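Trainee: Let us go through the packing of the aromatic and nonpolar side chains in this model.

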Amino acid sequence: MAMNVSIACFSVFSYKKVNRIRAVSSKDFAAALKTEEGDKVKLGGSELKVTRLGIGAWSWGDTSYWNNFEWDDRKMKAAKAAFDASVDRGITFFDTAEVYGSRLSFGAINSETLLGRFIKERKENNPGVEVAVATKFAALPWRFGRQSVLNALKDSICRLGISSVDLYQLHWPGVWGNEGYIDGLGDAVEQGLVKAVGVSNYSERRLRDAYERLKKRGIPLASNQVNYSLIYRVPEQNGVKAACDELGITLIAYSPIAQGALTGKYTPENPPTGPRAKIYTPEFLTKLQPLLNRIKGIGENYGKTPTQSTITSRVVTYTSWRVLKTGVPVGKFWPKLVKKLTQKFLL
């Protein structure tokens, strides 16, 4: 299995049949985003099931990469609107990390804190709502051994205001080794602090090592979250996707729409701002236009011709599934676009 996840968006890749997505007018857009309760996938060999669409919260509270280095009340309300709009449409899988929005990353407010606040407020009005939370451990150089994982996890649980985490992931490989971190993941499962565990940015070798180490304890490695999109196909070339398929690990692909570059929102004349401007330059966006035109053309074959750029994200999502031959998207959404009922898969 494999799963794809992105910052403002992430995707779950599996062998299950992909639901057809049609291009729609803005009037019907909200209805098209509706996710049914039964439309969930199981992560790897774990028992955890999540919605096929998920929301990444990297941008929430961040002032180092997103939000033009600013975070204010308007952005806070927009993030809350994004959360509510997602849950309203049955999208209840949210991905965050302890470093998102943290002081360590020069952020304004921790993303976990915001997500926990939004969940609490939602449950006050709708006690029956169930939200699946994924967060990540930062393998910082001064953190050693399994206990550091448990300590960080407990801090995350406190910020989130929940009793346990659904999916706990190692955000990146450790500088001094990963055995202790992997053991910490196993301890977290056995202590009932998490339902499933995964890794992120792991190479094929490290992925296999983590899988085998947990397997000895009877614990499945549920996922590996890596950068994967139509313009970044490295997981197909370095053996990561093949290993996930072989071992039954869900591949969570972040940035499935290349931080918004594949949505059609940005052009050579209108490139993104902030740090992304150094990546998605006018020259790069010029070279990208033939692909974007092809994506739009495919969208026309499955519905109406998109009349607004807000539709492009859904066309890209569907096209990505078809081209990558995978099945579940989870994506982070830019809060300010929620008012337009768009879902931008960005990470």
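**Aromatic pairs and the nonpolar core**

Mentor: In this predicted model, Phe 284 counts as partly exposed because its relative accessibility is 30%.

Trainee: Is Tyr 280 buried or exposed?

Mentor: Buried means under 20% relative accessible area. Tyr 280 has 10% relative accessibility, so the class that applies is buried.

Trainee: How many aromatic pairs does the structure hold, and what is the geometry of the one between Trp 60 and Phe 118?

Mentor: The structure holds 10 aromatic pairs. In the pair of Trp 60 and Phe 118, the centres are 5.4 Å apart and the planes are at 70°. Planes over 60 degrees apart count as edge-to-face. The geometry of Trp 60 and Phe 118 is therefore edge-to-face.

Trainee: Which parts of the chain does that pair link?

Mentor: Trp 60 sits in the loop between strand S5 (53-56) and helix H2 (73-88). Phe 118 is 58 residues away, and the pair links distant parts of the chain. The parts are that loop and helix H3 (residues 111-125).

Trainee: Why is the pair of Tyr 280 and Phe 284 classed as it is?

Mentor: The ring centres of Tyr 280 and Phe 284 are 5.6 Å apart, with 65° between the planes. The cut-off for this class is over 60 degrees, so the pair is edge-to-face.

Trainee: Which helix gives the most to the largest nonpolar core?

Mentor: The largest nonpolar core has 54 residues, and Trp 60, Phe 83 and Tyr 168 have the most contacts inside it. Six residues of this core come from the helix that gives the most, H4 (residues 145-160).

Key
Residues numbered from 1 in each chain as written. Predicted model: local features only at pLDDT ≥ 70, side-chain atom pairs only at ≥ 80, totals over all residues. Heavy atoms only, no water. Core = buried A, V, L, I, M, F, W, Y, C linked by side-chain atoms within 4.5 Å. Buried < 20%, exposed > 50% of the residue type's maximum accessible area, 1.4 Å probe, protein only. Helix = DSSP H or I, 4+ residues; strand = E, 2+ residues; numbered from the N terminus. Phe/Tyr/Trp six-rings, centres within 6.5 Å; stacked < 30°, edge-to-face > 60°.
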